[in-house]
Amino acid sequence: MADYEVTVYTGKLRFAGTLDMVFIKLVGNDGESKRKRLASLVGDLSFTNGAVSTFTVSCPVSIGKLELIELEKKSRLTGDNWFLDKVEVKSPEGDTYNFPIYCWITDSKVHRFREGEDTPEKVSLHELKQREKDYCWRKHIEGIPHCMEAEKLSDLPLEVQFSIIKNAEFIYTAFTGLAELKLTGFANSKENWTCIDDIKRVFTGKRTDLSDYVQEHWNEDAFFGYQFLNGVNPILIRRCSALPDNFPVTDDMVFPSGQFSLADEMEKGNIFLCDYKPLDGVKANIIDEKQQYLMAPLILLHKTPDDKLMPVAIQLKQTPAEDNPIFLPTDSEYDWLTAKIFVRSADFNEHQVNAHLLRTHLLAEVFAVSLLRNVPRTHPLYKLLVPHTRYTLQINFLARARLISETGSFTQFAASGGEGMVTLLKRSLSSVTYTSLCIPEDITERGLEDVPNFYYRDDGLKLWDIIHRFVQGVLGFYYKNNDAVKEDDDLQKWIGDIFEHGFLSQEGTGIPQSFTTVKELVKFVTMVIFTCSAQHSAVNAGQYDYGGWMPNTPIALQLPPPKTKGTTSEATMLQTLPDMGTTANGMAVMWLLSKPSFDFVALGKSLEKHHSEEIPSYYVKAFQGELQTLSAHIKIRNKSLKIPYTYLDPENIENSVAI
Ligand code: FE2
């Protein structure tokens with residue numbers, strides 16, 4: 001008698017377990033077993049959530065090298081779904097065979113699974129047909145990336161829904177955010193703040209080390225400049241080698257004592273520009289029947305000899321005019337501070353819609369839907385990318401339902417909420433190029449290679465290289481030459497859908513429409529993983545750090561900017577800042593969105609289960625080791641910084657866009 005030891009691993013997802021009966025048949029190259037019911041002493045508990053159960057399947061003689069298994073789930077009364085991670089079989093010869101499965105079995109048909117070394121050619125047509133039905137594209141808004149078709153949350157396949165813990169935690173934080181921040185009493189207040197100290201008094205419910213720092217330093221020029229490099233929106237600033245025609249700054253304005261000249265400083269690479277042109281003419285929101293104001297500023301910054309990035313000129317509207325003064329640090333305290341407040345408010349809106357929503361959340365959804373729809377689970381690309389899709393479809397569904405819907409918080413309280421957001425999203429999409437999504441090229445294109453104290457760049461470039469080495473190792477194992485890439489229909493369908501549904505077939509984006517080389521494939525997959533993990537962390541994790549202290553990040557402003565200099569005061573500044581209700585609601589959303597989740601999975605973790613083969617397993621370990629080393633280096637570096645930059649510490653980066 002030849003005994004085969006069969007171990008079945010049920011997944012740890014929500015509703016993953018089943019009480020149904022399970023049958024297995026082993027198929028070898030020299031025979032097959034009989035169909036056998038997998039039953040053990042624990043009976044109905046063999047396939048509960050997270051269960052690992054071992055059974056013996058006996059054959060009269062050895063069936064040779066194991067090639068596939070057949071699994072069937074038979075309903076008892078009602079029948080329930082089963083998420084199976086994998087099956088391991090130990091043969092009487094002492095060999096172990098792995099059958100990675102990682103999918104739902106929802107019917108009572110026979111499902112065949114091959115051993116771990118499935119190649120792209122061994123695709124399951126049946127599986128793909130089902131996936132095409134489960135994951136459909138939908139145009140949510142004309143002119144922006146398409147999303148997953150789902151009318152209600154339960155339309156999302158179980159495999160992409162939140163776990164029970166994540167769901168409970170999300171609902172709890174969403175409904176208790178105002179209370180946690182001790183702001184419940186302010187939520188509906190339409191009153192204006194009457195002094196900064198009042199804002200300080202309410203800003204005590206939840207604080208972080210950095211939000212405390214922000215409260216103390218928010219009005220300082222050096223901190224204002226610092227945020228363009230290491231705040232939540234590090235993608236806007238660029239080196240300035242010639243002043244834009246619509247920003248007529250002179251030497252006298254910015255260097256009144258004549259110690260520098262703009263031409264010389266530009267030549268040396270010491271002048272930088274932030275231009276919020278996409279906000280020009282965007283319709284500002286009306287909150288509580290009150291018109292709000294959103295500017296499209298231009299900011300000139302100077303890198304000083306002591307390596308500070310100091311703002312030297314701010315023009316709040318794009319077209320130069322007498323009633324659109326260029327504000328300077330030498331202006332009165334409140335003129336200059338008011339100008340900076342308008343910039344910070346513009347930055348909040350640009351950051352949320354472009355850097356955060358469009359460039360991470362919406363693109364991550366496109367990458368995920370295309371993967372889940374076009375690529376079978378045994379495909380190398382699926383194994384590589386599925387950890388980076390976790391929770392993305394549900395979080396984006398919730399964002400559409402609760403943040404940017406007609407009654408959503410962003411629509412109600414942000415200056416660009418509602419019609420403005422749609423305009424801004426469409427304009428922003430035209431600025432999304434392949435180059436701008438690849439950090440090494442993006443940094444070069446923006447001329448920021450040598451800027452000091454730019455930790456987003458330093459950590460981001462290292463992460464890019466680490467991810468690139470991992471992707472190259474794993475994909476290089478499966479794709480030995482360019483023909484293997486060209487001939488892989490699943491890969492081509494994946495990128496084809498991304499080009500069409502994510503980038504709306506715009507050739508000017510530089511996004512590939514197909515892959516012809518291994519090198520191209522490796523670069524694109526690196527960009528996908530970087531976007532879904534590191535880039536999202538860089539633009540997401542610090543929202544409360546920088547936005548918890550409202551004056552540093554006002555989500556809308558109630559008065560237009562001054563048309564002439566010398567008309568501002570502390571009183572006009574306070575009338576300009578959001579009212580108490582808008583402040584409280586904005587803080588609650590930022591708290592919800594930057595609170596790390598209880599079942600957070602860090603970059604590089606939980607990859608082993610998808611890579612059972614020896615070579616890919618080696619690259620998984622190497623990847624994890626490199627991330628650990630980088631994390632240690634970042635921690636040491638941060639000890640010497642006044643403001644530690646933690647958002648790209650691999651320990652703090654989530655594997656996927658999950659919040
Ligand atoms: Fe996010």
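Begin by selecting domain 1 and domain 2 of this predicted model, whose centres, taken over C-alpha atoms, are separated by 40 Å. To colour them separately, use residues 2-118 for domain 1, and for domain 2 use the two segments 163-234 and 347-659. Where these domains meet, the contact draws ten residues from domain 1 and eleven residues from domain 2.

Next, display the surface between the two domains. The area buried between domain 1 and domain 2 is about 1000 Å², and carbon and sulfur atoms give 51% of that area. How many salt bridges cross the interface of domain 1 and domain 2? The rule finds zero there, while the count of residue pairs in polar contact between domain 1 and domain 2, with both residues at pLDDT 80 or more, is one.

Now select strand β8, residues 96-105, which with five residues gives the most to the side of domain 1 that touches domain 2. If you colour that side of domain 1 by residue character, you will find that its residues divide into five nonpolar, two polar and three charged.

From the interface, zoom out to the chain as a whole and switch to a cartoon view, in which the secondary structure comes to 22 helices and 18 strands. The radius of gyration of the chain is 28 Å, close to the 26 Å that the globule rule gives for 659 residues, so the chain is as compact as a globular protein of that length. Taken along the principal axes, the C-alpha atoms fill a box of roughly 95 × 55 × 45 Å.

For the last stop, turn to the charged side chains, among which the structure holds 31 salt bridges. One of them joins aspartate 20 to lysine 73, with the closest N and O atoms 2.9 Å apart. This pair links distant parts of the chain, since aspartate 20 sits in the loop between β1 (2-10) and β2 (21-28), whereas lysine 73 lies in strand β6 (residues 66-74), 53 residues apart.

Key. Residues numbered from 1 in each chain as written. Predicted model: local features only at pLDDT ≥ 70, side-chain atom pairs only at ≥ 80, totals over all residues. Heavy atoms only, no water. Domains from an automatic or database assignment. Contact = heavy atoms within 4.5 Å. Buried area = accessible area lost by both parts, 1.4 Å probe. Salt bridge = Lys/Arg side-chain N within 4 Å of Asp/Glu carboxyl O. Polar contact = N/O pair within 3.5 Å; in protein donor to acceptor, adjacent residues only side chain to side chain. Helix = DSSP H or I, 4+ residues; strand = E, 2+ residues; numbered from the N terminus. Nonpolar A, V, L, I, M, F, W, Y, C, P; charged D, E, K, R; others polar. Rg over C-alpha atoms; globule rule 2.2 N^0.38 Å.
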